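This report introduces a structure to a reader who has not met it before. It proceeds from the chains as wholes to selected parts of them.

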Amino acid sequence: MTEPKLADEIKKMEYEPLLPIEKKLIGWSLCLGVVLIVVLVWVSHTFFEVQ
Amino acid sequence: MTRKIQEKLSEDWLAVIIGLFIFGLAWGVFFGADLLGWVVTAGIWTSITNTLKPVSPDFAGLPGLVSLLATYLFLLLVMTIGAVLLKANLRKFAVSFTVVFFISYLCWILGAWAYIAATTNQLGKFGISWSLNLTSEAGYIIALLVGLFISNFAPRLARSISEAVRPELYIKAAIVMLGGYLGITAAEQLGLATSVMFRGFCAIIEAYLIYWALVYFIARKYFKFSREWAVPLASGISICGVSAAIATGSAIKARPVVPIMVSSLVVIFAVVELLFLPFLAQKFLANEPMVAGAWMGLAVKTDGAAVASGAITESLILAKAAAEQGINYQPGWIMATTTTVKVFIDVFIAIWAFILAWIWSAKIERRTDETVHLGQIWQRFPKFILGYMATFFVVILVAVLAPEVVGRAKTAMGEANVFRGIFFVMTFFTIGVVSNFRTLWEEGIGKLALVYVICLFGFIIWIGAFISWLFFHGVRPPLAG
């Protein structure tokens with residue numbers, strides 16, 4: 001049996017539109033990331049100050 | 001019994017056993033038995049006859065070559081026992097390991113040549129007028145280049161030693177040993193260590209949430225990748241390379257071939273990053289050493305390449321700070337920052353894979369015949385992290401409870417750390433050996449490589465630098481002495 005080739009596998013790939021749940025996952029992940037940046041930077045600079 | 005162990009033992013657990021075994025032997029100094037003092041070290045040299053010597057003064061009478069031979073035989077024994085447990089072909093493994101060990105160590109010795117390794121402030125000491133100023137960690141780069149040469153121009157040799165070409169095993173065992181060394185470094189500055197750990201934890205939460213979502217979106221929206229491809233690709237590019245691609249690929253039930261193909265690309269690009277990011281960090285982040293360390297952990301994919309790039313970055317930045325500013329930072333902290341970030345990333349792979357498994361099972365594919373349970377987090381948890389945590393915290397605990405033994409603990413961890421260096425150099429060499437650019441090119445990596453290049457060099461590296469700066473700017477390693 002021959003091993004599958006990357007190019008063939010990619011050619012075989014079928015188009016799948018972005019589902020609402022995927023958009024939700026991306027959106028929530030990015031929003032949470034941005035909000036947490038502010039929170040975590042504040043926490044680390046307030047409670048884990050380095051002398 | 002042996003068969004039972006064989007059935008259950010993964011490379012992950014084997015790395016823990018090897019790491020803990022060497023870590024355990026190092027504690028012999030506490031009982032008056034210097035069990036690892038004979039292990040070979042290679043100092044910076046102008047005459048090759050002077051470079052090899054045993055690590056401990058207790059073995060000062062031992063000729064360097066004997067020390068090298070003893071180190072080889074010890075590792076051959078340990079690794080061959082490991083190979084038995086992994087059901088490898090023993091004869092083939094022993095021969096392959098011998099080749100891997102000696103080529104790697106020769107590279108390490110070559111990297112310690114004063115004209116390559118000596119830093120500006122060491123030129124007088126070695127009586128030379130110039131050097132490449134690459135520090136003795138240059139041996140890692142040489143090992144990587146030699147491995148790449150073998151993989152791409154001597155593929156038959158690469159195939160013939162494949163039984164012992166196990167970069168993941170070497171780096172995981174090395175990281176377990178590294179825990180003890182970093183533990184003793186951290187024990188002297190517990191406040192700073194706690195802060196580094198917390199900030200590392202924050203940095204990776206950010207990296208997961210921002211990187212993964214962005215790469216997944218770009219792969220799906222603009223490159224029209226299917227979900228089966230986009231998930232391992234996003235994990236491989238954004239999180240932690242090979243292990244993340246495989247774990248998340250299996251979480252969404254992708255065919256095994258998909259994460260494996262993504263992984264081969266991850267390794268290739270990790271090599272590219274490894275060759276230039278530490279130098280970029282030295283050039284632009286010498287005044288922010290911990291930012292540079294965290295950046296390596298966030299930007300360089302795969303455990304081996306990341307921790308190794310942390311080691312190179314540390315030595316480049318320490319050398320630059322000493323030569324240009326007269327500042328001598330304590331070694332260990334930059335690499336500790338890289339390792340901390342990488343370890344947290346690895347821990348979170350299991351959690352991220354669990355989250356994706358649940359979303360795919362319940363919301364996307366709506367599989368009613370199966371449930372996603374918390375036990376899957378444990379199944380996907382990288383076990384070598386437990387070894388790292390064990391060595392790290394045991395040493396801290398000993399240092400805190402019995403400060404009078406810190407000196408001996410330092411000696412013990414210093415000896416184990418020499419083995420860590422040897423495992424590192426074997427990691428570099430074997431990463432090179434598995435990185436066959438030619439095969440990948442012939443297979444048609446075009447589209448996959450394009451999304452990788454755009455995401456990695458377009459924003460992952462720079463967002464990583466920004467996140468590292470946010471959490472680590474102004475944090476500096478303690479001064480040496």
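Chain B contains 20 helices and two strands. Its radius of gyration is 22 Å, close to the 23 Å that the globule rule gives for 481 residues, so chain B is as compact as a globular protein of that length. The model described here is a predicted one. Along the principal axes, the C-alpha trace of chain B spans about 70 × 55 × 50 Å. Of the 481 residues of this chain, 57% count as buried. Among the contacts in chain B between residues at least 6 apart in sequence, 77% join residues at least 24 apart.

Chain A has two helices and zero strands. Its radius of gyration is 21 Å, whereas a compact globule of 51 residues would have a value near 10 Å. The C-alpha atoms of chain A fill a box of roughly 60 × 30 × 15 Å along the principal axes. Buried residues make up 14% of the 51 residues of chain A.

**The contact between the chains**

In the contact between the two chains, 35 residues of chain B meet 27 residues of chain A. On the side of chain B that touches chain A, the elements giving two or more residues are helix H10 (190–221), helix H11 (227–251), helix H12 (257–285), helix H15 (333–364) and helix H20 (446–472) of chain B. The largest share, 16 residues, comes from H10(B). Sorted by class, this side of chain B has 21 nonpolar, five polar and nine charged residues.

**The nonpolar core**

The largest nonpolar core has 187 residues, and within this core B:Val215 and B:Val425 touch the most other members. H10(B) gives the most to the core, with 19 residues. Leaving aside residues up to four places away in sequence, B:Val215 touches B:Leu233, B:Ala234, B:Ile237, B:Ser238 and B:Cys455.

**Helix H3 of chain B**

Helix H3 of chain B covers residues 64–85, 22 residues in total. From its first C-alpha to its last, H3(B) reaches 32 Å, close to the 32 Å expected at 1.5 Å a residue. Its buried residues are B:Ser67, B:Leu68, B:Thr71, B:Leu75, B:Met79, B:Gly82 and B:Ala83. Seen down the axis of H3(B), these buried residues fall within an arc of 135°, so they line one face of the helix. The general geometry of an α-helix is relevant here: with 3.6 residues a turn, residues three or four places apart point the same way. On the other side of H3(B), B:Leu69, B:Leu73 and B:Leu77 are exposed.

Which elements do the buried residues of H3(B) pack against? They pack against helix H2 (11–26), strand S1 (40–42), strand S2 (52–54) and helix H4 (90–111) of chain B.

**A buried phenylalanine**

B:Leu75, one of the buried residues of H3(B), also serves to locate a residue elsewhere in the sequence. B:Phe419 and B:Leu75 are 344 residues apart in sequence, yet their C-alpha atoms are 9.2 Å apart in space. B:Phe419 has its place in helix H18 (residues 406–434) of chain B. B:Phe419 is buried, since 25 other C-beta atoms lie within 10 Å, and the cut-off for a buried residue is 20 or more. Not counting residues up to four places away in sequence, B:Phe419 touches B:Ile22, B:Val39 and B:Met177.

**Two lysines with positive phi**

Most residues other than glycine have a negative phi. Two lysines of chain B, set out below, have a positive phi instead.

| Residue | Phi | Loop of chain B | C-beta atoms within 10 Å | Class |
|---|---|---|---|---|
| B:Lys87 | near 60° | between H3 and H4 | 11 other C-beta atoms | exposed |
| B:Lys253 | about 65° | between H11 and H12 | 13 C-beta neighbours | partly exposed |

B:Lys87 follows H3(B), the helix described above. B:Lys87 counts as exposed because its 11 other C-beta atoms within 10 Å satisfy the cut-off of 12 or fewer. B:Lys253, with 13 C-beta neighbours inside 10 Å, counts as partly exposed. The loop that holds B:Lys253 lies between H11 and H12 of chain B, and both of these helices are among the elements on the side of chain B that touches chain A.

Note on methods
Residues are numbered from 1 along each chain as its sequence is written. Chains are lettered from A and ligands numbered from 1 in the order in which they are written. This is a predicted model: local features need pLDDT of at least 70, side-chain atom pairs count only at pLDDT 80 or more; totals for chains, interfaces and linings use all residues. Two residues are in contact if their C-beta atoms, placed from the backbone, lie within 7 Å. Helices (H or I, at least four residues) and strands (E, at least two) are DSSP runs, numbered from the N terminus. Ala, Val, Leu, Ile, Met, Phe, Trp, Tyr, Cys and Pro count as nonpolar, Asp, Glu, Lys and Arg as charged, and the others, Gly among them, as polar. The expected span of a helix is 1.5 Å times one less than its number of residues. The arc is that of the directions from the helix axis to the C-beta atoms. The radius of gyration is taken over C-alpha atoms; the globule rule is 2.2 Å times the number of residues to the power 0.38. A nonpolar core is a set of buried Ala, Val, Leu, Ile, Met, Phe, Trp, Tyr and Cys residues joined through C-beta atoms within 7 Å.
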